[in-house]
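The exercises below are to be worked with the sequence and the model open side by side. Each task is followed by a solution in steps.

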Amino acid sequence: MAAPLYTTDSGRLWHAGQILLVFVGLPARGKTHVSRSVERYLRWLGVKTEVFSLGDHRRRLLGGSSDLPADYFRPEGRSEETQALRDKVKHSLEEDVVRFFQENRGQVAIYDANNGTRAARRALRNRFEPLGINVFYIENLCDREDIVEANIRSVKISSPDYEGWDPDEAVKSYMHRIEQHAKYYETMETSGGPFVKIFNVGERLAINNVKGYLQSRIVFFLMNVHHKKRTIWFARSGQSMIEHSFKADSDLSAQGVEYSERLRDFIITKRRELLGERIANGEKAQERRLTIWTSSRRRCLSTCRPLAELGYKVVERQQMYELNPGVIDGLTPEEIKNRYPEEWAKSQKESYSHRYPRGESYHDLSVRLEPVILELEREPADVLLIGHGSVIRCLMSYLQGLTPQEIPNVELRRGDVVQVTPSAYGVNMTTHFFWQ
C-alpha cells in the first residue's frame with residue numbers, strides 16, 4: 001500500500017515505534033544499494049526515513065582517504081590518535097541519528113556501515129534501545145567474486161577515496177582492505193536480536209525473530225531486491241482520436257501512429273548505443289532482454305504494436321489503467337471550476353488525496369500500482385513502460401524517492417522518453433526528446 005491518508009500525533013505509522021535498521025557486512029556486499037532501496041520503499045509507504053552512511057559522514061568530516069592517517073582502515077593495530085578519530089566520526093553520526101528520532105520525528109533510521117563484529121553491534125543496541133528505539137539488523141553476505149568486483153568498480157572506486165587512481169589499482173587496494181576486515185568479521189547469530197540475512201544481494205534470505213507490521217513489510221520488500229544491472233524506460237502512449245476522455249477507449253490518431261513508430265526507432269537505436277558503450281568500457285556485454293509493460297487501453301496497446309511486431313514481449317497490466325477522473329471526465333479546467341467549485345478548491349489543496357465524485361485519487365492509484373512496483377523491483381531485465389500520464393507520475397515518483405504528496409507535480413511530456421538506471425545511491429534519470 002502507499003502512504004496512509006491519516007497522521008498521528010507522534011508522526012509514526014502502524015504503531016511500529018521507531019526503528020534503527022543496522023546494516024551489517026563486509027565492504028562491497030551491496031549494503032548501500034539495499035539500504036537506498038529500502039529507504040525509497042519506506043518513503044513510498046509514508047514512513048519518515050533517512051539513510052545515515054558512516055562512509056559518507058566520514059568523507060564530509062575528514063575528506064577522502066588521502067587525507068586520513070595510514071592506519072585508519074586497519075581492523076587492528078591502530079594508533080590511539082587514529083582510534084580516537086574513528087570514534088569521533090562514529091559518535092558524531094550516532095548523534096545525528098538521535099536528533100533525527102527526537103527532534104525531526106523520524107520513524108526509521110538506516111545505519112549504513114560495516115558493523116562486522118559482535119562488539120560493534122552490541123554497542124549500537126546499548127546506545128539506542130534505552131531510548132525506546134527498536135534495533136533491527138540486515139546482514140549482507142556475498143561469496144560471489146563477480147558481484148563483489150562489480151560493486152567495487154561501479155561504486156567504490158568512483159568515490160572521493162579513490163579520486164585520481166588507476167581503476168585496476170583501486171580495485172586491488174579495495175580488495176586488500178576487504179581481506180583485512182574479513183579476518184575479524186563475525187556473522188549474525190540468533191541471540192543477537194531480530195535480523196535478516198541477505199545472500200548474494202537477493203538470491204536467498206534467512207529471517208530471525210522479526211516482529212510487527214513494519215518490520216514484516218521491510219522483509220517482504222527485501223525478497224524482491226536484486227543487484228542485476230538494467231534500464232527502465234518511460235514513455236507516454238501516443239495521441240488518440242479522442243483525447244482527455246476516460247470513457248472513450250479510442251485508438252491512435254494518425255499522429256499517434258507516427259509517434260509509436262518514432263518511439264520504436266528511438267528505443268532500438270538508443271539501446272544499441274548503450275550496448276556499445278558498455279562494451280567500450282570493458283564489459284563482456286550482450287543486449288539485455290526488453291519487456292514492454294502497458295495497460296489494456298487501445299491507445300497503449302497500439303503504441304506498443306511497432307515493437308511487438310519486431311518480437312518484443314508486451315505485458316498488459318490491469319493495474320496500469322489511468323486514473324479515473326469521475327464526474328469531471330472530458331471537462332476542461334475552466335469547466336471544472338464552474339461546475340464543481342468546491343471540489344476544485346479541495347483538489348488544489350489536497351492534490352494527492354482528493355478524489356472527484358465517482359473517481360479516483362492519486363492515493364487510490366498508488367495503492368493499485370503497488371503490485372507493479374514490487375514486480376518492477378523484482379524484474380532483472382530491461383523494462384519499457386508505455387502508459388498514461390497519471391500512472392507514469394506514480395511510478396517515476398517511487399523510483400526517485402519522492403514523497404506521495406509530490407506525485408501530482410511530476411510530468412512527462414509526450415515525445416520524451418525517460419531513461420532510468422538504478423545505482424547504489426538511488427537512480428540516475430535522463431530525459432531524451434525524440435518527437436514533436
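**Exercise 1.** Which side chain does the side chain of Thr32 join in a polar contact? Place Thr32 in its helix and state its exposure.

Solution. The model is a predicted one.
- Step 1: the side chains of Thr32 and Asp112 are joined by a polar contact of 2.9 Å.
- Step 2: Thr32 belongs to helix H1, which covers residues 31-44.
- Step 3: the relative accessible area of Thr32 is 10%. Buried means under 20%, so Thr32 is buried.

**Exercise 2.** Compare the span of H1 with the expected one, and decide how far H1 is enclosed.

Solution.
- Step 1: H1 has 14 residues. The expected span is 1.5 Å times one less than the number of residues, which gives 20 Å for H1.
- Step 2: from the first C-alpha to the last, H1 reaches 20 Å, close to the expected value.
- Step 3: 13 of the 14 residues are buried, so H1 is largely enclosed by the rest of the structure.
- Step 4: after H1 comes Gly46, with a positive phi near 90°.

**Exercise 3.** How do H1 and helix H13 pack, and which residues make the contact?

Solution.
- Step 1: H13 spans residues 389-400, and its axis is 8 Å from that of H1.
- Step 2: the angle between H1 and H13 is about 135°. This value is neither over 145 degrees nor within 65 to 115 degrees, so the two helices are oblique to each other.
- Step 3: H1 contributes Arg40, Tyr41 and Trp44 to the contact, and H13 contributes Cys394, Tyr398 and Leu399.

**Exercise 4.** Describe the buried side of helix H2 and name the elements it packs against.

Solution.
- Step 1: in H2, residues 54-62, the buried residues are Asp56, His57, Arg58 and Arg59.
- Step 2: these buried residues pack against H1, strand S2 (49-53) and helix H3 (80-102).
- Step 3: Gly63, just after H2, has a positive phi of about 95°.

**Exercise 5.** Identify the residues with the most contacts inside the largest nonpolar core, and list the neighbours of Phe234.

Solution.
- Step 1: the largest nonpolar core has 66 residues, and Leu21, Val38, Phe234 and Leu385 have the most contacts inside it.
- Step 2: leaving out residues up to four places away in sequence, Phe234 touches Leu385, Ile392, Leu395, Met396, Leu399, Leu412, Asp416, Val417, Val418 and Val420.
- Step 3: a second, separate core has 21 residues, including Phe101, Ala113, Leu124 and Tyr185.
- Step 4: as background, nonpolar side chains tend to be buried together in soluble globular proteins.

**Exercise 6.** Val201 and Arg358 have a positive phi without being glycine. Are they buried or exposed?

Solution.
- Step 1: most residues other than glycine have a negative phi. Phi is about 50° for Val201 and near 60° for Arg358.
- Step 2: Val201 sits in the loop between strand S5 (195-199) and strand S6 (204-208), while Arg358 sits in the loop between helix H11 (341-349) and H12.
- Step 3: Val201 is buried, with a relative accessible area of 4%. Arg358 is exposed, at 72%.

**Exercise 7.** Locate Pro371, classify its exposure and give its distance from Pro167.

Solution.
- Step 1: Pro371 is in helix H12, residues 362-378.
- Step 2: with a relative accessible area of 42%, Pro371 is partly exposed.
- Step 3: Pro371 and Pro167 are 204 residues apart in sequence, and their C-alpha atoms are 40 Å apart.

Terms used. Residues are numbered from 1 along each chain as its sequence is written. This is a predicted model: local features need pLDDT of at least 70, side-chain atom pairs count only at pLDDT 80 or more; totals for chains, interfaces and linings use all residues. Side-chain values use heavy atoms; hydrogens and water are left out. Helices (H or I, at least four residues) and strands (E, at least two) are DSSP runs, numbered from the N terminus. Buried means under 20% relative accessible area, exposed over 50%, partly exposed in between (1.4 Å probe, protein chains only). A nonpolar core is a set of buried Ala, Val, Leu, Ile, Met, Phe, Trp, Tyr and Cys residues joined through side-chain atoms within 4.5 Å. Contact means heavy atoms within 4.5 Å. A polar contact is a pair of N or O atoms within 3.5 Å; within protein, one must be able to donate a hydrogen and the other to accept it, and residues adjacent in sequence count only if both atoms are side-chain atoms. Axes are lines fitted to C-alpha atoms, for helices over the stretch in contact, and angles run from 0 to 180 degrees between N-to-C directions. Angles under 35 degrees count as roughly parallel, over 145 as roughly antiparallel, 65 to 115 as roughly perpendicular and the rest as oblique.
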